[in-house]
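Grab your viewer and work through a few short exercises. Try each task before you read its solution.

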Amino acid sequence: MALVVQKYGGSSVANTERLKAVAERLARSRQAGDQLVVVVSAMANTTDELIELAAQMTEKPEPREMDLLLSTGEIVSSSLLAIALIHLGCRAVALSGAQAGIGTDRRHGRARILKVDPYRVRREIEAENIVIVAGFQGITEELDITTLGRGASDTTAVALAAVLRSDRCEIYTDVKGVYTADPRIEPEARRLPEISYEEMLELASHGAKVLHSRAVELGSVHQVPIYVSSSFTESPGTLIHGGTSMMEQRNKVMGIAEDTDVARITIRGVPDNPGIAAALFEPLGAASISVDTIVQNASVERLTDLTFTVSRSDLDRALEIVRPVAAEIKAVDILADTHLAKISVVGSGMISGPGYAGLMFRTLFAAGINIELITTSEIRITCLVDAARVPEAVRALHKAFELEKG
Ligand code: ADP
Ligand code: ASP
Ligand code: MG
């Protein structure tokens, strides 16, 4: 009997009708003999609505209380799904993240899974229950409820698949798989039958929200293949895995990702002395603010400009941290703006093939889109451009790299 871990996203459990449809689907798999552990997201826009409720109380709600509040979204959907299954005559039980043994650190709103104790989940599987687990949440050693970051039910699912040694983790969503670009922006985008962990990680961590990037990271570390497919149809999806069969034949770009959650901070007139970068970035790291793109200009008269990006939700906190440091090191000025977005092309073909960067820059130039910053990895090129031009940039690059062709 195969043990399958599945995850259903917010649109797949958007209302009671959808929840019943998922329950029927699970009942059929169970009848076919599979043992099922099922992770669910909150119904449709529930998480946004809970955030909005808290915003009506105060501008800055306490992170601990926010996590307890946000965790309820997934508790609602998981218990409703278990109720629907039991009503269909299946044995089922719903567990919160804490009950499922998801242990995390204390970083509220962005907690990381430290360990998974699968004792209770295993016991329920042995009792022949379909185990429904509330995604996106865990518990600290001090018994505080945490959440793992937006979109992180994927990560709950892959973590459980890893610890339960499931053959693969199936992620069911509202698109048929991973596409060459967000199909909502580029109608010509093509579903990829397979993609490597490395490429998927670059896409996910640069804005392709079809998968949470930490889910891909965990899949890669624990060698859990991740299958992304639609919960609305039975059509084939995308397998994310570490096999080499596909990688050797690759000589092109696999996909394009865009990320509008970008804020840029520039510290002007920074004295060009050793230790300055550490003085600025260490406190940001200590506050769990992840800094993405860092560029330091060549110094003129021992003064340089330092530019970096953070996510928009971190901008205020980052400025609070950076301002006193900038004053201390006698920097001239701090500028912040939120009008930029990242556009990235990703493909392992870049390792050996030349010309990718040139084609990307030429394409953006031809579309009249100015590039404000460039960063690269071995298999990715990212440009910061005006956020308003992103859809146009995605479509132009998709065409230039001929991604619509199989
Ligand atoms: P879920 O609620 O199921 O977790 P998400 O909304 O988080 O679903 O992720 C699915 C969405 O990701 C799709 O509706 C699509 O708009 C978006 N998306 C972005 N990039 C891609 C891509 N490369 N391939 C497929 N979907 C993508
Ligand atoms: N409900 C959470 C969110 O909206 C987690 C998830 O859907 O994966 O971000
Ligand atoms: Mg998601």
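Below are four exercises, each with a worked solution. The model is predicted, so to speak of local features pLDDT must be at least 70, side-chain atom pairs count only at pLDDT 80 or more, and totals for chains, interfaces and linings use all residues. Residues are numbered from 1 along each chain as its sequence is written, chains are lettered from A and ligands numbered from 1 in the order in which they are written, and side-chain values use heavy atoms, with hydrogens and water left out.

**Exercise 1. Work out which residues come nearest to ligand 1, and sort its shell by class.**

Step 1: Pick out the residues near the ligand (a heavy atom within 4 Å of it). There are 16 around ligand 1, and Thr173, Asp174, Tyr179, Asp182 and Arg184 come nearest.

Step 2: Sort the shell, counting Ala, Val, Leu, Ile, Met, Phe, Trp, Tyr, Cys and Pro as nonpolar, Asp, Glu, Lys and Arg as charged, and the others, Gly among them, as polar. You should get 7 nonpolar, 4 polar and 5 charged residues.

**Exercise 2. Find N or O atoms of Gly10, Thr173 and Lys209 that pair with oxygen atoms of ligand 1.**

Step 1: Start with the backbone: an N or O atom of Gly10 sits 3.1 Å from a ligand 1 oxygen.

Step 2: Move on to side chains. Thr173 has an N or O atom 2.7 Å from an oxygen of ligand 1, and for Lys209 the distance is 3.2 Å.

Step 3: Now check the cover. On its own, ligand 1 exposes 570 Å², and the protein buries 89% of that (Shrake-Rupley method, 1.4 Å probe; for residues, only the protein chains shown count as cover).

**Exercise 3. Where do Arg165 and Glu402 lie, and what is phi for each?**

Step 1: Recall the background: most residues other than glycine have a negative phi.

Step 2: Place Arg165 in the loop between α5 (153-163) and β9 (169-173) (helices, H or I, have at least four residues and strands, E, at least two, as DSSP runs numbered from the N terminus). Its phi is near 55°, a positive value.

Step 3: Go to the segment after α11 (390-400) for Glu402. Here too phi is positive, about 55°, although Glu402 is not a glycine.

**Exercise 4. Are Arg165 and Glu402 exposed or partly exposed, and which residues of helix α6 are buried?**

Step 1: Apply the cut-offs for relative accessible area: buried is under 20%, exposed over 50%, partly exposed in between (1.4 Å probe, protein chains only).

Step 2: Arg165 is exposed at 71%, while Glu402, at 41%, counts as partly exposed.

Step 3: In α6 (residues 197-205), Tyr197, Glu199, Met200, Glu202, Leu203 and Ala204 are buried.

Key
Polar contact = N/O pair within 3.5 Å; in protein donor to acceptor, adjacent residues only side chain to side chain.
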